[in-house]
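Q: I have a chain open here and would like to talk it through before going back to the bench. Can we go step by step?

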Amino acid sequence: EQRAEEAAAAARCAAEAERQAVERQRLRSEARRLRVDEREARAGSEALEAQVAEAAAADVAARDESLGRRGAHEERAAELRALLEAEEAAVRACDAEVAAAEERIEAVRGGFSKPTARLEL
C-alpha cells in the first residue's frame, strides 16, 4: 500500500511537473508574441506619426508663422497699453487742473458778489 501511495505521489509530481513545463512553454510563447506585437505596434505608430507629420506640414508651418507674428503683436499691444495708461493719466491730470481752475474762478466770482448784486437791483 505504501508503494502505491509513493507511486501515486510520484505520478502527481510528474503530472504537476509536466503541467508546469507546459505552462512555462505557453508563457514563453506568449512573451514572444507580445514582443512581436509591441514591435509591430511601435512601427505602426511611427509610420502613422510620419503620415500625420507629412499631411500636417503646411499647417505646422502656418502655426509656427502665426506664433511668431503673435509675439510681435503681443509686444505692440503691451506698448499700446502703456501708452494708453499714460494718456489716461494725462487726462486725469487735466481734469484735476480744470477742477482747480473752476474752484479759483468761483472764488474770484465770490469776491465780486456785492458789486454784482447791486447791478442786479
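Q: Let's start with one side chain: is Arg69 buried, partly exposed or exposed?
A: This is a predicted model, and in it Arg69 is partly exposed, because its relative accessible area is 43%.

Q: Which side chain does Arg69 meet in a salt bridge?
A: Arg69 meets the side chain of Glu65 in a salt bridge, with 3.1 Å from N to O. Both residues lie in helix H2, which covers residues 57-111, and they are 4 residues apart, about one turn of the helix.

Q: And Glu65, buried or exposed?
A: Glu65 counts as exposed, because its relative accessibility is 52% and the cut-off for exposed is over 50%.

Q: Why would two such side chains pair at all?
A: As a general point, side chains of opposite charge can pair when their charged atoms come close.

Q: What does Arg70 pair with?
A: The side chain of Arg70 meets that of Glu74 in a salt bridge, at 2.3 Å from N to O. Arg70 and Glu74 are separated by about one helical turn, because they are 4 residues apart in helix H2.

Q: How accessible are Arg70 and Glu74?
A: Arg70 counts as partly exposed, with a relative accessibility of 48%, and Glu74 is partly exposed as well, with a relative accessible area of 41%.

Q: Let me step back, how many helices and strands does the chain have?
A: The secondary structure comes to 3 helices and 0 strands, and reading along the sequence gives the pattern α-α-α.

Q: What is the radius of gyration, and what would a compact globule have?
A: The chain has a radius of gyration of 47 Å, whereas a compact globule of 121 residues would have one near 14 Å. Along the principal axes, the C-alpha trace spans about 150 × 50 × 20 Å.

Q: What share of the residues counts as buried?
A: Of the 121 residues of the chain, 0% count as buried. The chain exposes about 10700 Å², and carbon and sulfur atoms supply 58% of that area.

Q: Can you give me a feel for separations, say, how far from Ala58 is the C-alpha atom of Ser29?
A: The C-alpha atoms of Ser29 and Ala58 are separated by 45 Å, and the two residues are 29 apart along the chain. Ser29 lies in helix H1 and is partly exposed, because its relative accessible area is 31%.

Q: What about Ala77, how far is its C-alpha atom from that of Asp59?
A: Those C-alpha atoms are separated by 26 Å, with Ala77 and Asp59 18 residues apart along the chain. Ala77 is found in helix H2, and a relative accessible area of 28% is why Ala77 is partly exposed.

Q: Back to charges, how many positive and negative ones are there?
A: The chain has 21 positive and 28 negative charges, and the mean positions of the two sets are 5 Å apart.

Q: Which residues form a positive surface patch?
A: A positive surface patch is formed by Arg24, Arg28, Arg32, Arg35 and Arg39. Arg28 lies in helix H1, which covers residues 2-55, and Arg28 counts as partly exposed, because its relative accessibility is 42%.

Q: How many salt bridges does the structure hold?
A: The structure holds 10 salt bridges. Besides the pairs in helix H2 that we discussed, one of the salt bridges joins the side chains of Arg33 and Asp37, at 2.5 Å from N to O.

Q: Where do Arg33 and Asp37 sit relative to each other?
A: Arg33 and Asp37 are separated by about one helical turn, because they are 4 residues apart in helix H1. Arg33 counts as partly exposed at 40% relative accessibility, and Asp37 counts as partly exposed at 31%.

Q: Which residue is linked with Arg33 and Asp37 in a network of salt bridges?
A: Glu30 is linked with them, so that Glu30, Arg33 and Asp37 are joined in a network of salt bridges.

Methods
Residues are numbered from 1 along each chain as its sequence is written. This is a predicted model: local features need pLDDT of at least 70, side-chain atom pairs count only at pLDDT 80 or more; totals for chains, interfaces and linings use all residues. Side-chain values use heavy atoms; hydrogens and water are left out. Helices (H or I, at least four residues) and strands (E, at least two) are DSSP runs, numbered from the N terminus. The radius of gyration is taken over C-alpha atoms; the globule rule is 2.2 Å times the number of residues to the power 0.38. Buried means under 20% relative accessible area, exposed over 50%, partly exposed in between (1.4 Å probe, protein chains only). Accessible areas come from the Shrake-Rupley method with a 1.4 Å probe; for residues, only the protein chains shown count as cover. Lys and Arg count as positive and Asp and Glu as negative; His and the chain ends are not counted. The place of a charge is taken as NZ of Lys, CZ of Arg, CG of Asp or CD of Glu. Patches are made of residues with over 30% relative accessible area and no salt bridge: like charges are joined within 9 Å, nonpolar side chains (Val, Leu, Ile, Met, Phe, Trp, Tyr) within 5 Å. A salt bridge is a side-chain nitrogen of Lys or Arg within 4 Å of a carboxyl oxygen of Asp or Glu.
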